[in-house]
Amino acid sequence: MTPKHFLIHAFKRILLGGWYKRYVVNNVVIQADIKQALQVRGSKAQDYALAKQFDHVMLYYPDFAFIFFWRINKLNYRWKSLFVPEMPCKIFRSTKIAGGLTCYHPYATVINAKSIGKNFQFRNGLTIGNKANDNKLLPVIGNDVTVGANVVIIGNISIGDHVVIGAGSVVVKDVPSNCVIAGNPARVIKTLE
């Protein structure tokens with residue numbers, strides 16, 4: 001490790017220690033995000049203490065770091081670039097998202113929903129938004145929903161709990177719980193137990 005890299009790494013550790021105390025210790029939503037990020041990736045860091053889990057996800061998962069800065073409302077934070085490469089992704093501040101949020105390569109993503117439940121997972125190219133440019137016509141998404149790449153979810157619709165949405169789907173109608181949907185327009189292709 002060069003002296004420059006050593007200094008940058010040491011500085012990151014100092015920042016992480018302060019952020020842990022300020023934003024993570026008493027925030028169950030961010031704690032759920034950390035645990036979900038490690039669980040879905042099968043990381044051995046799941047066995048670490050919470051402070052070390054936080055360090056791990058911030059240092060090795062830039063997708064998680066993006067979510068962290070969104071959670072603390074610091075998307076333009078001065079030192080963000082040390083943890084997150086530039087990611088063209090927008091999550092509207094008005095969107096309420098429960099803990100356990102996980103993203104994979106959130107490039108070209110826009111999320112504007114009334115609410116999203118716990119353990120929401122998404123991939124690149126996701127569009128969640130209003131219909132006819134009316135922010136009263138926004139989706140409500142349940143718990144444990146997983147969304148593939150390049151999905152569009154638009155309008156005043158509800159998506160139930162435990163739903164998997166296939167890549168490239170266009171969702172414009174209500175979706176029941178416990179199913180897999182896919183297609184344009186999306187339809188139920190499998191019911192889950």
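How are α1 and α3 oriented to each other, parallel or oblique? In this predicted model, helix α1, which spans residues 3-24, packs with α3 at an angle of about 125°, and the two axes lie 10 Å apart. Angles of 65 to 115 degrees count as roughly perpendicular and those over 145 as roughly antiparallel, with the rest above 35 degrees taken as oblique. The helices α1 and α3 are therefore oblique to each other. Their crossing is right-handed. On the α1 side, the contact is made by H9, K12, R13, L16, W19, Y20 and V24; α3 contributes L50, A51, F54, D55, M58 and L59.

Helix α3 covers residues 50-60 and also holds Q53. This residue, Q53, has a relative accessible area of 3%, and because buried means under 20%, Q53 is classed as buried. The side chain of Q53 reaches the backbone oxygen of Q46 at a distance of 2.8 Å. Beyond its neighbours within four places in sequence, Q53 is in contact with I34, K35 and L38, as well as with A45, Q46, D47 and Y48.

The description now turns to the sheet. Strands of a sheet pair through backbone hydrogen bonds, in either a parallel or an antiparallel manner. Here five strands form an open sheet, arranged in the order β1-β4-β7-β10-β13, with parallel pairing. Its edges are β1 (89-91) and β13 (170-171), each of which pairs on one side only. At the β1 edge, three bridges join β1 to β4, the strand of residues 109-111, and the two run parallel. Within this pair, C89 stands opposite T109 of β4.

How values were computed
Residues numbered from 1 in each chain as written. Predicted model: local features only at pLDDT ≥ 70, side-chain atom pairs only at ≥ 80, totals over all residues. Heavy atoms only, no water. Pairing = 2+ DSSP bridges. Helix = DSSP H or I, 4+ residues; strand = E, 2+ residues; numbered from the N terminus. Buried < 20%, exposed > 50% of the residue type's maximum accessible area, 1.4 Å probe, protein only. Polar contact = N/O pair within 3.5 Å; in protein donor to acceptor, adjacent residues only side chain to side chain. Contact = heavy atoms within 4.5 Å. Axes fitted to C-alpha atoms, helices over the stretch in contact; angles between N-to-C directions. Left-handed = near helix turned anticlockwise from the far one by under 90°.
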